[in-house]
Amino acid sequence: MTHVTVSGTTIEEAIKKALLELETTEARLSYRVVEEPKKGFLGFLGSRPATIEAHIKPDPIMEAYSFLETTISLMGVPATIEQSEGQGKTRFDLKSTEDMGRVIGKRGQTLESLDYLTNLVANRHKDADYVAVEVDAENYRERRREALVQLALRVAEKAKAINKPVSLEPMSAQERKVIHSALQSAAGVETYSKGKGRERHIVVGPK
C-alpha cells in the first residue's frame, strides 16, 4: 500500500495515522489536506475531523538501482551492482566475471550513457530533492583518470620539446576537466579547449 486517505481530530493526528498505515517516516511522506478540522457546537455538534490524502514519496536511489539492474540485464551482461555512498553521491559499481567491454564501450561512451540515463531516472520526480549518482564498471573511471593524467604529462613534455601546440582527441567534458586539472600547475605549458559538440578537444601548448 502506497496511498491512503485518513482522518483524525487534527491534521497532526491524521498524519500519524498515515505514517502507521503506510509504515513509513515523515521524511518519506507526502500528503494533501482534503478537509480542515472543524469544531462543532458545544464541542461535538457539527464537528468535522481533519482528512488527508497521503502517499509515500518515491525513493530515487531505489528507482535508479532498479533501472540500472534492468538495463544491464537487457544488455545481456551478467553483472551485479555494488552500492556505496561517498563525496555527496551514490555510487553504483558494476561487477562481473565476464568482460565488461559492452558496458564500458569505446572510451567509456556506453558507461557515460548509462550514467546519464540513471541520473535522469533518479531525478525525474519534481517534488524530490536532487541526488547525484555515479555509475562505474570494475573501477574503470579511476583507471581512466590515471591514464588521462599520464597522457597529459606526456603531451605537455612533447609540446615543450617541439615548442608547438599539441591537440588531443575529442573527449567528454569530465575527461577534459581531468586534463586541465593535471596541467594546471605544470610549468611552461597551458591548456585550452577547441571545437564544438563531439569534436570538442583540448590543446596543450607551450606557454
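This passage describes the strands, one helix packing and the pockets of a predicted model.

An open sheet is built from three strands in the order β1-β3-β2, with antiparallel pairing. The edges of this sheet are occupied by β1 (3-8) and β2 (29-35); each has a single partner strand, so one side of each is left without a neighbour in the sheet. From one strand to the next, the twist averages 25 degrees. The pairing of β2 with strand β3 (residues 50-56) is antiparallel and extends over six bridges. Within this pairing, V33 has I52 of β3 as its bridge partner. Helix α1 (residues 11-22) lies across β1, β2 and β3, and its direction makes an angle of about 145 degrees with β1.

The surroundings of L29 illustrate the packing at this sheet. L29 belongs to strand β2 and is buried, its relative accessible area being 8%. The cut-off for a buried residue is under 20% relative accessible area, so L29 falls within that class. Beyond its neighbours within four places in sequence, L29 contacts I15, A18, L19, L22, T24, A54, H55 and K57. For one of these contacts, I15, the separation from L29 is 14 residues in sequence and 8.8 Å in space, C-alpha to C-alpha.

A second pairing involves strand β5 (residues 89-95) and β6, which run in the parallel sense and are joined over five bridges. Among the residues concerned, F92 has V135 of β6 as its bridge partner. In general, strands of a sheet pair through backbone hydrogen bonds, in either a parallel or an antiparallel manner.

Strand β6 (residues 133-137) is largely enclosed by the rest of the structure, because five of its five residues are buried. In a regular strand, side chains alternate between the two faces of the sheet. Both faces of β6 are covered, with V133, V135 and A137 buried on one side and E134 and D136 buried on the other. The position of D136 may be described further. D136 is a residue of strand β6, and its relative accessible area of 0% places it among the buried residues. When residues up to four places away in sequence are not counted, D136 touches R91, F92, D93, L94, L111 and R141.

Two pockets were examined. The largest pocket holds about 920 Å³ of space. Its lining comprises 34 residues, and those nearest its centre are E112, R141, S172, Q174 and E175. Two or more lining residues are given by each of β4 (80-86), β5, α4 (109-122), β6, α5 (140-162) and α6 (173-182). Helix α6 provides the largest share, seven residues. By class, the lining of the largest pocket consists of eight nonpolar, eleven polar and 15 charged residues.

The second largest pocket contains about 150 Å³ of space. The residues lining this pocket are A27, R28, K57, P58, D59, P60, D127, A128, D129 and V131. Five of the lining residues are nonpolar and five are charged, with no polar residue present. K57, one of the residues that line the second largest pocket, is also in contact with L29. Similarly, R141 lies among the residues nearest the centre of the largest pocket and is touched by D136 of the buried strand β6.

Notes. Residues numbered from 1 in each chain as written. Predicted model: local features only at pLDDT ≥ 70, side-chain atom pairs only at ≥ 80, totals over all residues. Heavy atoms only, no water. Buried < 20%, exposed > 50% of the residue type's maximum accessible area, 1.4 Å probe, protein only. Helix = DSSP H or I, 4+ residues; strand = E, 2+ residues; numbered from the N terminus. Pairing = 2+ DSSP bridges. Contact = heavy atoms within 4.5 Å. Axes fitted to C-alpha atoms, helices over the stretch in contact; angles between N-to-C directions. 1 Å grid on protein atoms, 1.4 Å probe; cavity = no way out; pocket = protein on both sides within 12 Å on 5 of 7 lines; lining within 4 Å. Points joined across faces, edges and corners; volume = space filled by probe spheres on them. Nonpolar A, V, L, I, M, F, W, Y, C, P; charged D, E, K, R; others polar.
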